[in-house]
Structures are given as structure tokens and as C-alpha cells.
Amino acid sequence: MNDLTVTPTQILAGVGVLLVLFWVWRAGSRRAKAAARTARNRPRLVSLAGPVLVNAGLIVAVQWVVITRAGAGWLLLAVLGLPALFAAYALTRALMVATVDTSKRGGRR
């Protein structure tokens, strides 16, 4: 018959290669799950384009009517200032870096 001899060094090398392959596979699957979770939670830009354009058109129309008809005064300040406040709030929230402190170990059952 065949004499198949495997040294302990070869066995350890084989086990090491299997562990590395398992580690790479697990890291890849975690990365894929995280990417899928991020894609699910983030609204698509195309789905937001329609409502954003409609709302911007409404704001511009109201501002145009007030500027051309009413002239100056508190109404002009309100019509120009209020949308500016909402836009500043939205931009500030979008540009702020928010951290979520969660631990991956424990707490889940």
C-alpha cells in the first residue's frame, strides 16, 4: 500500500490555512451585511428628488408673489427668513457627524 506520511508541521500549516480562510470569509460576510444594512436604511437620492423639487418650487413661488406684490416689511422678512431657517437646519443636520456608541459584544440575546 501507499505510505502517506504527514508531519505535525504540515498539519499545523493546514489548520492555519483553514483558520485564515474562515476568518476572511467571516469578515467578508460581516462587511456585506453592514453594507446591506446601510443601503436599506438610507433613502435613495432619486426617490427624494421629486419631493425636494416640488417643495422648492412652492417656496420660490410664494417668495416671488410676496416680493412682487407686498414690497418690504415684516412679511418679506418672514417669507425669506423662514425657509432659510429650515434650509439651515436641514444642512446642519446633514453635515454634522453623528456617532452611535454601540458595543458588538453582549447585550444581544
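**Briefing: a predicted three-helix model**

The count of aromatic pairs comes to 1. The pair is formed by phenylalanine 22 and tryptophan 25, whose ring centres are 5.8 Å apart and whose planes meet at 40 degrees, so the pair is tilted. The structure is a predicted model. The protein has 3 helices and 0 strands, and of its 109 residues 3% count as buried.

**Overall make-up**

- Along the sequence, the pattern reads α-α-α.
- The protein exposes about 10700 Å², and carbon and sulfur atoms supply 69% of that area.
- Helix 1 covers residues 8-41, and helix 2 covers residues 45-69.

**The aromatic pair**

- A pair of aromatic rings is described by the distance of the centres and the angle of the planes.
- An angle under 30 degrees would count as stacked and one over 60 as edge-to-face; the 40 degrees between phenylalanine 22 and tryptophan 25 therefore makes the pair tilted.
- Both residues belong to helix 1, where they are 3 residues apart and so separated by about one helical turn.
- Phenylalanine 22 has a relative accessible area of 45% and is therefore partly exposed.
- Tryptophan 25 counts as exposed, because its relative accessibility is 59% and the cut-off for exposed is over 50%.

**Nonpolar surface patch**

- Leu4, Val6, Ile11, Val15 and Leu19 make a nonpolar surface patch of about 520 Å².
- One of these patch residues, valine 15, lies in helix 1.
- Valine 15 has a relative accessible area of 42%, which means that this residue is partly exposed.

**Surroundings of glutamine 63**

- Glutamine 63 lies in helix 2.
- With a relative accessible area of 17%, glutamine 63 is buried, because buried means under 20%.
- Leaving aside residues up to four places away in sequence, glutamine 63 touches Val79, Leu80 and Pro83.
- A polar atom of the glutamine 63 side chain lies 3.2 Å from the backbone oxygen of valine 79.
- Valine 79 is thus named both among the residues that glutamine 63 touches and as the owner of the backbone oxygen 3.2 Å from its side chain.

Notes. Residues are numbered from 1 along each chain as its sequence is written. This is a predicted model: local features need pLDDT of at least 70, side-chain atom pairs count only at pLDDT 80 or more; totals for chains, interfaces and linings use all residues. Side-chain values use heavy atoms; hydrogens and water are left out. Patches are made of residues with over 30% relative accessible area and no salt bridge: like charges are joined within 9 Å, nonpolar side chains (Val, Leu, Ile, Met, Phe, Trp, Tyr) within 5 Å. Accessible areas come from the Shrake-Rupley method with a 1.4 Å probe; for residues, only the protein chains shown count as cover. A salt bridge is a side-chain nitrogen of Lys or Arg within 4 Å of a carboxyl oxygen of Asp or Glu. Helices (H or I, at least four residues) and strands (E, at least two) are DSSP runs, numbered from the N terminus. Buried means under 20% relative accessible area, exposed over 50%, partly exposed in between (1.4 Å probe, protein chains only). A polar contact is a pair of N or O atoms within 3.5 Å; within protein, one must be able to donate a hydrogen and the other to accept it, and residues adjacent in sequence count only if both atoms are side-chain atoms. Contact means heavy atoms within 4.5 Å. Rings of Phe, Tyr and Trp (its six-membered ring) pair if their centres lie within 6.5 Å; planes under 30 degrees apart count as stacked, over 60 as edge-to-face and the rest as tilted.
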